[in-house]
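Work through the exercises below with the model open. Each task comes with a stepwise solution.

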Amino acid sequence: MRDVFLMAVFAFLGAAAAGLLGALALRLVRGRSVAVSLAVVAAVAVTAMLTGTLAVAWAMFLSPHDLTVVTTVCAMAAVVSLATALLLGRWVVARSNALALAARSFGDGGSFAAPDGQATAELAALGRELATTSAKLAASRERERALESSRRELVAWISHDLRTPLAGLRAMSEALEDGVAPDPDRYLRRIRTEVERLNTMVGDLFELSRIHAGALSLAPTRISVYDLVGDALAGVDPLARELGVQLIGDRVDPIPVEVDGKEMTRVLGNLLVNAVRRTPADGTVAVSAEREADTVVLSVTDGCGGIPEEDLPRVFDTGWRGSDARTPPAGAGLGLAIVRGIVEAHDGQAAVRNVDGGCRFEVRLPAAVASS
């Protein structure tokens, strides 16, 4: 038993010495290629085995012949182990380089495609993560391009819509100043109308900037959609009468929702104003509210004749006003973008689809939890 213990001690001491030297070697080559690290690990393993074996052999006073045999066997094992480690290291390095080369493509604006061939589990997992990241970056770039396009359109349209009333205001103010206005009261009323329109545009821009900055502050309260629709209809009724459009709101169920009453009234108001202005005289705009499962669906249906199918995905984009909406009183194309921003801030969804003779805007909101 004592001999076995002594052999274990000598083997441990010899292997420990090799292990310490190997740890130092790994520290020195930690910034080098993985092939070098694998070769060092293989060399440490074989050297530890060889050192432990030689320590036991010398302690047991083996014959020179037996010692030569043991040393030769260990040396051959070391050669085979090092060769295997170098081959494995070169393969891993080659796979890593191929992965790095493929990763450069989506960093330069392209898409990532994992290199062909087998790889270790870690490299394969890294390739899948890079592919997922590449898809997210592509979607982000696409959203950025769409936003940039909508911003350019918005700036162009806002510039156009601001230039027209400002030119009119300047002309009317100069006419009043020079005393050549044939009807000063009418000029003053027109100036006030244009100022109100400019004020509305600036207010919409400010509201949209708050939405995009995530600074929209909501104060949700429990309220019936019946009251929301009633307030919105009352606000739009004068415009509907002026344009000869009939408002219908007899399909509104008194369903409770947890919303910011002021912001949601603005949502319905924007949808109703948009619908009334797009509906020809003697047409109708219908408002309804009903419950579907755990959501409340508010809808506004107009008689605009429908929206081209290719334009439906862009209806809620900032600055979108359609091909026939370049002139007043269409506004700056911000109303529907504000609608979507406010609705999404309430964890809801805004959508639009064509119906017979017009289009139907829908706002889906979470239904209020029943009070205990």
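**Exercise 1. Sheet layout**

Task: In what order do the five strands of the open sheet lie, and which strands stand at the edges?

Solution:
- The model is predicted. Its five strands form an open sheet in the order β2-β4-β5-β7-β6. The pairing is mixed.
- β2 (246–252) and β6 (349–355) each have a single partner strand, so they stand at the edges and one side of each lacks a neighbour in the sheet.
- Neighbouring strands are turned by 20 degrees against each other on average, direction ignored.

**Exercise 2. The β2 pairing and the packed helices**

Task: How many bridges join β2 to β4, and which helices pack on the sheet?

Solution:
- Start with the pair. β2 and β4 (residues 284–292) run parallel and are joined by five bridges.
- Pick one residue. Arg 251 has Ser 288 in β4 as its bridge partner.
- Add helix α6 (residues 225–243). Helix α6 packs on the sheet and touches β2, β4 and β5 (295–301). Its direction makes about 170 degrees with that of β2.
- Add helix α7 (residues 261–278). Helix α7 also packs on the sheet, touching β2, β4, β5 and β7 (358–366). Its direction makes about 175 degrees with that of β7.

**Exercise 3. Salt bridges within helices**

Task: Which residue pairs with Glu 174, and which with Arg 241? Classify each residue by accessibility.

Solution:
- A search of the whole structure gives nine salt bridges.
- Glu 174 pairs with Arg 170; the closest N and O atoms are 3.3 Å apart. Both lie in helix α4 (residues 121–178), four residues apart, about one turn of the helix.
- Glu 174 has 37% relative accessibility, so it counts as partly exposed. Arg 170 has 57%, so it counts as exposed.
- Arg 241 pairs with Asp 237; here the closest N and O atoms are 2.7 Å apart. This pair lies in helix α6, again four residues apart, about one turn.
- Arg 241 has a relative accessible area of 65%, so it is exposed. Asp 237 has 28%, so it counts as partly exposed.

**Exercise 4. A salt-bridge network**

Task: Is Glu 362 buried or exposed? Which residues are linked with Glu 362 in a network?

Solution:
- Glu 362 forms a salt bridge with Arg 353, with the closest N and O atoms 3.2 Å apart.
- The cut-off for buried is under 20% relative accessible area. Glu 362 has 12%, so it counts as buried.
- Arg 353 has 40%, so it counts as partly exposed.
- Now extend the pair. Salt bridges link Glu 292, Arg 353, Arg 360, Glu 362 and Arg 364 in a network.

Definitions and conventions. Residues numbered from 1 in each chain as written. Predicted model: local features only at pLDDT ≥ 70, side-chain atom pairs only at ≥ 80, totals over all residues. Heavy atoms only, no water. Pairing = 2+ DSSP bridges. Helix = DSSP H or I, 4+ residues; strand = E, 2+ residues; numbered from the N terminus. Axes fitted to C-alpha atoms, helices over the stretch in contact; angles between N-to-C directions. Contact = heavy atoms within 4.5 Å. Salt bridge = Lys/Arg side-chain N within 4 Å of Asp/Glu carboxyl O. Buried < 20%, exposed > 50% of the residue type's maximum accessible area, 1.4 Å probe, protein only.
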